[in-house]
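Biologist: I'm new to this one. Could you take a close look at a single part for me, and set it in the whole chain?

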Amino acid sequence: MIRPPCLALILIAALALAPAFAAGQPPVPDTPAGQVFGQWLTSFNAADATRIGEFQRTYERETPVEDVLQQRAETGGFTLVALESASPNQLSATLQEVELPDSRLRFDLTVEPGTPHRITALDVEYLPTPRLDEAAAIAAVVARADALARQDRFSGAVLVARGDKILLEQAWGLADRAQGTPNTIDTRFRLGSMNKIVTAVAVLQLVEAGKLALDTPIGEYLPDCPNPDAAAKVTIRHLLTHRAGVGEIGFGESPEFKSPAEFIARRDAMRTPSDYLAQYAGQALAFEPGSQTEYSSLGFMVLGALVERASGQDYYAYVQQHILDVAGMARTGSLPETTPVEGRAVGYLRQGKAWVPNGDTLPFRGSPAGGGYATVRDLHRFVQALQAGRLLSPAMVAEATRLQSGWQGLGFEVVGEGALASYGHGGMAPGMNAHLRVYPQLDLTIVVLSNLDPPAAGLVYAYLHERMPVPE
């Protein structure tokens, strides 16, 4: 199941102070564990921020109330289906989401015997969702996207393909709310960090051409690197697998900027990979390269600079000639935000109860680390070109999409096992959310792009991932 990894913490944080149960739910024993469970179910379903905050203060929990409320919004709350076991200080139950009744989870709770019955253990595990046949899975995800769009929680486009055959290609919501312009399958959506796989392919092309080497220190190619320690120790493989320790970049939502105006003043001077390196790449290494995994957009800015140095071309010109044109991605690019682009959706971030344009959070233009735009069709073309050997050799594709460390291949996220093993990348930033997943054993590609805050695209992608047919 694809669920937030902090779900157990969120549920613990949601515990509050007065049990009550909806009619028809199984009775819960009047025991310490039963009382705590009842307090949680009542407060979580009521989405009561005051009760949640009161619990956090009492039990010294650090999970933000906003995270609990987000989980409540995504699930619609929980219904108690069955009480599996119970003793005075322990309780195990099966719950189901109100919004998605076929999504069920097991809830195991243990509390201390004495007042205030502090929690000593809480485990939450989503149970497998029944798989559907192909036609039913496609119909189900359309119904799910329809429902989310009606609730103003999804706006975007979805493409599902088995090989070259398109199984689903549909759009929902508005590309421009002020103008009333609808999204279509040709709408250009911002990709966020998904653009990293384009940079990865550019780097690996130059590796195959003998102009770069995966395990050579970057100082061999960037002798002017602002950090001599990084120049001597960090390799291209480290950068592609997020194991370089080079640090991070500040974007519009970064706490390093105290106001939108401060970010805007900075971003107008950040137009090329070299600009980002001059601003950020001098910081000390966060850890010894190769010793741990820590996601880094700055690492991909370094890779963009390496593409320029090794190819002798501007990063954007190289990508256009060697990737976008080769794959036939005519509606993909990274033109500056100040340049009008036909069909590029306005991104909308949530402020209070309103959706507002995300322009003040956007960089000057898309970069090697993310922020370009594409359509669902173009991303399918990218996958087809990759699989056909038109962008990289089959051997290099296999290496790039092989799990190298943590959840990373060479620039690609690699997750899952067996038939559900997949590669791709996501993108998450204010006013944009994107998911691209390729399942080689199923010959399946899923693309979901949205012009709303995360987890808009993730809600649709996860729903299909959990229900699509998988051979036994």
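**Gln39 and the chain around it**

Modeller: Sure, and keep in mind that this is a predicted model. Let's begin with how the chain is knitted together: counting contacts between residues at least 6 apart in sequence, 63% join residues at least 24 apart. The protein chain holds 15 helices and 16 strands. Its radius of gyration is 24 Å, close to the 23 Å that the globule rule gives for 472 residues, so the chain is as compact as a globular protein of that length. If you lay the C-alpha trace along its principal axes, it spans about 75 × 50 × 45 Å.

Now for the part to zoom in on: Gln39. You'll find Gln39 in helix H2, which covers residues 32-46. Is Gln39 buried or exposed? Its relative accessibility is 18%, and buried means under 20%, so Gln39 counts as buried. Across the protein chain, 53% of the 472 residues count as buried.

For a sense of distance, pick His435 as a second landmark. Gln39 and His435 are 396 residues apart in sequence, and from C-alpha to C-alpha they are 36 Å apart in space.

Stepping back to the outside, the protein chain exposes about 19300 Å², and carbon and sulfur atoms supply 53% of that area. As for charge, there are 38 positive and 51 negative side chains, with the centres of the two sets 3 Å apart.

Terms used
Residues are numbered from 1 along each chain as its sequence is written. This is a predicted model: local features need pLDDT of at least 70, side-chain atom pairs count only at pLDDT 80 or more; totals for chains, interfaces and linings use all residues. Side-chain values use heavy atoms; hydrogens and water are left out. Helices (H or I, at least four residues) and strands (E, at least two) are DSSP runs, numbered from the N terminus. The radius of gyration is taken over C-alpha atoms; the globule rule is 2.2 Å times the number of residues to the power 0.38. Buried means under 20% relative accessible area, exposed over 50%, partly exposed in between (1.4 Å probe, protein chains only). Contact means heavy atoms within 4.5 Å. Accessible areas come from the Shrake-Rupley method with a 1.4 Å probe; for residues, only the protein chains shown count as cover. Lys and Arg count as positive and Asp and Glu as negative; His and the chain ends are not counted. The place of a charge is taken as NZ of Lys, CZ of Arg, CG of Asp or CD of Glu.
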